[in-house]
Amino acid sequence: MKILFLVLYFQVISFAQKGTEIYLLEIKKMPDGFSIKEPINISNRDGYDNQPSFHPTKSLIYFSSQKDGQTDIWSYNYDSKKLSQITNTEDSEYSPTVTPDKKNLTCIVQRKSNGDQDLVKFSIKNPKKSEIILESQKAGKIGYHAWSPDNELITFVLGEPNTLQLFENQSKSGKIFGKDIGRSLHYVSVKKAFSFVEKDRETWKIKLLNPENQTISDYADALVESEQYNAWDKNGVLFGTKNEELFFFEEKTKSWKMLTLPPNLPKNKISRLAIKDQYLVLVINE
């Protein structure tokens, strides 16, 4: 089975540690857009709670949570309303993502000893069992990543120069595809492609990478003056955030449409988001 490594090099190394909350909402397709309601604060504490992702088949949301300078992975079961701690290591874990076999979580592990950021696999059944997939000393510092159902992997790695590279079958050398890439990486099943954001001169564009023929195509202009966080639903609808607002991209008109958020949702800056079926997760500043 083929494994692809898409590696992006960035000049600045940092994980934002501002106080954020994670809200779970219900989203429903309507004739004129989407209806969003019933916000629930699932983190509900002071501090950094961020980078949410859904388990593909279970009623679980994984996220990073920081306390006293230590960041671990937690889960929230939206059926039982139960919070559970998943990792408890001497290092810090970020960007939890379920692997295609649904047996493991892959996370970015930031090492306290030297600042390295490795991509590490943790067993869901026994999180004390882990395995390094990509090591910083060999692949560079990993920033974010995403899997396809066929076990293909894209990552971005922080460093210099700021380049986009494709690694095939765990090769030690990669093919450069571009530069100035954003932080949102996804696999879009209905497109059979990975999505990413790339800066073309002064314009940010959302692009699709076909992992089979290794071609890149433009999909949409990104939201202007946003931080380029986005997510896709199962039908291939693209959503994005900007300041305190949420938008979706209408393919027919090739334009972004603003959505109405519930009045009881805090009117603070929205950053990351994730979508699964009728559920929407938003990260909102405290």
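Ser 226, Glu 227, Tyr 229, Thr 241, Lys 242, Asn 243, Lys 269, Ile 270 and Ser 271 form the lining of the second largest cavity in this predicted model. This cavity holds about 30 Å³ of space. Which elements give two or more residues to its lining? They are strand 21 (238-242) and strand 24 (270-276). Sorted by class, the lining residues of the second largest cavity come out as two nonpolar, four polar and three charged.

Let us step back to the cavities as a set. Rolling a probe the size of a water molecule over the atoms shows where empty space is left. With a lower limit of 30 Å³, the structure has two cavities. The largest cavity contains about 40 Å³ of space. Around it you will find Ile 206, Ala 222, Leu 223, Ser 226, Gln 228, Tyr 229, Asn 230, Gly 240, Thr 241 and Trp 256. How many of the residues lining the largest cavity are charged? There are no charged residues there, and the lining divides into five nonpolar and five polar ones. If you compare the two lists, look for Ser 226, Tyr 229 and Thr 241: they line the largest cavity, and they also line the second largest cavity.

## Salt bridges

Side chains of opposite charge can pair when their charged atoms come close. In this structure there are 13 salt bridges. Three of them are set out here.

| Salt bridge | Closest N to O distance | Relative accessible area |
|---|---|---|
| Arg 111 and Asp 91 | 3.1 Å | Arg 111: 21%; Asp 91: 8% |
| Lys 207 and Glu 198 | 2.8 Å | Lys 207: 8%; Glu 198: 7% |
| Lys 269 and Glu 227 | 2.3 Å | Lys 269: 30%; Glu 227: 34% |

Take the pair of Lys 269 and Glu 227, whose side chains meet at 2.3 Å, N to O. Lys 269 is in the loop between strand 23 (255-258) and strand 24, while Glu 227 is in the loop between strand 19 (215-221) and strand 20 (230-232), so this salt bridge ties together parts that are 42 residues apart in sequence. Both names should ring a bell, as Lys 269 and Glu 227 are among the residues that line the second largest cavity. Lys 269 is partly exposed, and Glu 227 is partly exposed as well.

Now turn to Arg 111, which forms a salt bridge with Asp 91 at 3.1 Å between the closest N and O atoms. Arg 111 sits in the loop between strand 9 (104-110) and strand 10 (117-123), and Asp 91 sits in the loop between strand 7 (82-85) and strand 8 (92-98), so the pair joins parts that are 20 residues apart in sequence. Is each partner buried or exposed? Arg 111 is partly exposed at 21%, whereas Asp 91 is buried at 8%. The cut-off helps here: buried means under 20% relative accessible area.

The third pair in the table has two buried partners, with Lys 207 at 8% and Glu 198 at 7%. Lys 207 and Glu 198 also belong to a network of salt bridges that links them with Asp 200 and Asp 218.

## Aromatic rings

A pair of aromatic rings is described by the distance of the centres and the angle of the planes. The structure has eleven aromatic pairs. In one of them, the ring centres of Tyr 219 and Trp 232 are 5.1 Å apart and the planes are at 55°, so this pair is tilted. Tyr 219 belongs to strand 19 and Trp 232 to strand 20, so the pair connects parts that are 13 residues apart in sequence. Tyr 219 and Trp 232 are buried.

What is the arrangement of the rings of Phe 249 and Trp 256? Their centres are 5.4 Å apart and their planes are at 65°, so the pair is edge-to-face. Phe 249 is buried at 7%, and Trp 256 is buried at 19%. Trp 256 is also among the residues lining the largest cavity. Together, Tyr 219, Trp 232, Phe 249 and Trp 256 make up one aromatic cluster.

A charge can meet a ring too: Lys 29 lies over the face of Phe 34, at 5.2 Å from the ring centre.

## Two positive phi angles

Glu 38 is not a glycine, although its phi is positive at about 55°. This residue, Glu 38, is part of strand 3 (residues 33-41). Gln 51 is likewise a residue other than glycine with a positive phi, near 55°. Gln 51 is placed in strand 4 (residues 49-54), and it is buried, with a relative accessible area of 4%.

Key. Residues are numbered from 1 along each chain as its sequence is written. This is a predicted model: local features need pLDDT of at least 70, side-chain atom pairs count only at pLDDT 80 or more; totals for chains, interfaces and linings use all residues. Side-chain values use heavy atoms; hydrogens and water are left out. On a 1 Å grid over the protein atoms alone, a cavity is a set of points where a 1.4 Å probe fits but cannot get out, and a pocket is an open set with protein on both sides within 12 Å along at least five of seven lines; lining residues have an atom within 4 Å of a point. Grid points are joined across faces, edges and corners, and a volume is the space filled by probe spheres set on the points. Ala, Val, Leu, Ile, Met, Phe, Trp, Tyr, Cys and Pro count as nonpolar, Asp, Glu, Lys and Arg as charged, and the others, Gly among them, as polar. Helices (H or I, at least four residues) and strands (E, at least two) are DSSP runs, numbered from the N terminus. A salt bridge is a side-chain nitrogen of Lys or Arg within 4 Å of a carboxyl oxygen of Asp or Glu. Buried means under 20% relative accessible area, exposed over 50%, partly exposed in between (1.4 Å probe, protein chains only). Rings of Phe, Tyr and Trp (its six-membered ring) pair if their centres lie within 6.5 Å; planes under 30 degrees apart count as stacked, over 60 as edge-to-face and the rest as tilted. A charge sits over a ring if NZ of Lys or CZ of Arg is within 6 Å of the ring centre and within 35 degrees of the ring normal.
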